[in-house]
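Good morning, everyone. Please take a look at the sequence and the model before I start talking.

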Amino acid sequence: MNGVIMQRIIGFAIATIAFSSMGGVPVVASGAGEIGGQNVDQRSQRGGRMDVVALLNAARGAPPMICALASRAVRGYGWGGGSDAPATPLASVVTLTRDDFDDDRLTTADVQQLLGGLASDDACVREMAVRLIGTQRGEAVGAELVSRLSATDPNLRTVAALGLGLVEPQNALDPLIRALRDPVVDVRANSAWALGRIENGRALPPLMNLFSDDAEKVREAAVGAVGHMESTSAVPALIRVLRQDNSPRVRRVAAWALGELEAREAIDALGGVLARDADPGVREMAAWALGSIEDRRGVAPLAAAIRSDAEDRVRETAVWALGQMEDRSSIEILGAATGDRSPRVRGTAAWAIGQLDENGAKAPAGLLRLLKDENDDTRLKAAWALGQIEDPGALPAIRDALRLEKSDRVRKGLIRALMKSGERSEEALSQLLSSSDPQVREAAVRGLAGRHAFDPWPWPWPRPRPFP
């Protein structure tokens, strides 16, 4: 194949990995974890910006099938993935749906071709082959993948472990446990990740043995796998990793695992890490874990982080955690956070105040100020929170905000807040119902239909929480 075309295919394989929703998969493209000389570790990629110029250059002239797969990865196979626009740039060439990769669409010959592709010396071919094999049922390909775990080629062993994690066959348990002792780092890492996907408790002790592995990638995969095992027996070891491992990536995953396990005995350790760890990603995850555990002992370290952490994302996650805990004693802390310099922190603080669901309570002054915030999303969350509180004393501020608001979404939220806070005057309702804006009229009718007519809409969740 022409070298330029091959580079473009590789570039699109990178795009497929970078944008794919299959998060947390150890890199397997080559023994060194690189494609075309570029490191494509998913977690580090997500921390930076996508190189759009390189992506579009790679797209020019790429084969349509590869381009279709890459574009699907960007759009994802989630909600709405099966309902695309009638006319797309590639529609006349190839239209792919998730069903095209189901068992009844791939013939035995196709599967054998893909299995053969696992041994290719080309990283892109191996990547595409294992992803497609991962769409098949375990009983159809599990034995074939297990047999490749003992191959002499380390790249083949690595990609076989990845495939087993994708199809999750139970008969792979013992072979994968044995592969945890493989001399190749990528094989150990992928085997640990695959065992976490299979979630069989027999793998717990050998996975915990990898917490002291020399390779950061292996420790990270093993800690993440243990976090999926739902076993409290691993908590003391995870706390040691959180406090002592020299890799921030590993400490971050340990914090996630403790939150996933809702380990109350880890509260002090997570609070200490939130206060003192040098890496903001670790502190952010510690805050998330405290919110996931939902123990009141976590309030003090979260409050300290909200007041003093230098990183916006740490403060925002700490605010989210307090909202998740729904601890009503946090109202003053959250009220103060509405004045944070970051709009994301301010907006999440508004959401968290609404989460406390203190019907009839007095709306914090900071929440009312957010109705004039420069950020649309922050104003929307503030309007939603005021609807949750239902404070009649907030009606003047809500009315003023509604007169000035330009955003359709925020206006709907304000009308919801207006109705739920007790606005029933003939003048106000007449103005809303006679508005020239159909969305305002609709929102007014919904509000008049009953106090719960707006629930759960609008529901301004904060941004997705951090996961390894």
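First, one cut-off that we need today. Buried means under 20% relative accessible area, exposed means over 50%, and partly exposed lies in between. Keep in mind that this is a predicted model.

Let's put the cut-off to work. Take Arg249. Its relative accessible area is 27%, so Arg249 is partly exposed. Now take Glu220. Glu220 has 5% relative accessibility, so it counts as buried.

Why pick these two? Side chains of opposite charge can pair when their charged atoms come close. Arg249 and Glu220 form a salt bridge through their side chains, at 3.1 Å from N to O. Arg249 sits in helix H14 and Glu220 in helix H12, residues 216-227, so the salt bridge ties together parts that are 29 residues apart in sequence.

Next pair. Asp295 makes a salt bridge with Arg264. Their closest N and O atoms are 3.0 Å apart. This pair also links distant parts of the chain, 31 residues apart. Asp295 is in the loop between helix H16 (280-293) and helix H17 (299-308). Arg264 is in the loop between H14 and H15. Buried or partly exposed: what is Asp295? At 10% relative accessibility, Asp295 counts as buried. Arg264 has 44%, so Arg264 counts as partly exposed.

Third pair. Asp373 and Arg346 meet through their side chains in a salt bridge, 2.7 Å from N to O. Here the partners are 27 residues apart. Asp373 belongs to the loop between helix H21 (365-369) and helix H22 (376-389). Arg346 belongs to helix H20, residues 343-355. Asp373 has a relative accessible area of 10%, so Asp373 is buried. Arg346 also has 10% relative accessibility and counts as buried.

Some salt bridges share partners. Glu216, Glu220 and Arg249 are joined that way into one network. How many salt bridges does the count come to? It comes to 26.

Now to charges on the surface. Which residues form the negative patch? They are Glu199, Glu230, Glu260, Glu262, Glu294, Glu326 and Asp357. Let me place two of them. Glu262 is in the loop between helix H14 (248-260) and helix H15 (267-276). Glu230 is in the loop between H12 and H13.

Stay with Glu230 for a moment. Its relative accessible area is 68%, so Glu230 is exposed. Glu230 is not a glycine, and still its phi is positive, near 55°.

Another glutamate has a positive phi. Glu390 is not a glycine either, and its phi is about 60°. Where does Glu390 lie? In the loop between H22 and helix H23 (395-404). Glu390 has a relative accessible area of 15%, so Glu390 is buried.

On to two alanines. Ala237 is part of helix H13, residues 235-244. At 7% relative accessibility, Ala237 counts as buried. Ala237 and Met208 are 29 residues apart along the chain, and their C-alpha atoms are separated by 7.6 Å.

The second alanine is Ala161, in helix H8, residues 154-167. Ala161 has 0% relative accessibility, so Ala161 counts as buried. In sequence, Ala161 and Ala189 are 28 residues apart. In space they are 8.9 Å apart, C-alpha to C-alpha.

Last stop, helix H24. This helix covers residues 408-420, which makes 13 residues. What span should we expect? At 1.5 Å a residue, H24 should span 18 Å. The end C-alpha atoms are 19 Å apart, which agrees.

How many of the 13 residues of H24 are buried? The number is 11, so by the cut-off of under 20% relative accessible area, H24 is mostly covered. Charged residues are among the buried ones, including Arg411, Lys412, Arg416 and Lys420. Nonpolar ones are there too, among them Val410, Leu414, Ile415 and Leu418. Just after the helix comes Gly422, with a positive phi of about 110°.

To recap with the pairs: Arg249 with Glu220, Asp295 with Arg264, and Asp373 with Arg346. Thank you. I'm happy to take questions.

How values were computed: Residues are numbered from 1 along each chain as its sequence is written. This is a predicted model: local features need pLDDT of at least 70, side-chain atom pairs count only at pLDDT 80 or more; totals for chains, interfaces and linings use all residues. Side-chain values use heavy atoms; hydrogens and water are left out. Patches are made of residues with over 30% relative accessible area and no salt bridge: like charges are joined within 9 Å, nonpolar side chains (Val, Leu, Ile, Met, Phe, Trp, Tyr) within 5 Å. Accessible areas come from the Shrake-Rupley method with a 1.4 Å probe; for residues, only the protein chains shown count as cover. A salt bridge is a side-chain nitrogen of Lys or Arg within 4 Å of a carboxyl oxygen of Asp or Glu. Lys and Arg count as positive and Asp and Glu as negative; His and the chain ends are not counted. The place of a charge is taken as NZ of Lys, CZ of Arg, CG of Asp or CD of Glu. Helices (H or I, at least four residues) and strands (E, at least two) are DSSP runs, numbered from the N terminus. The expected span of a helix is 1.5 Å times one less than its number of residues. Buried means under 20% relative accessible area, exposed over 50%, partly exposed in between (1.4 Å probe, protein chains only).
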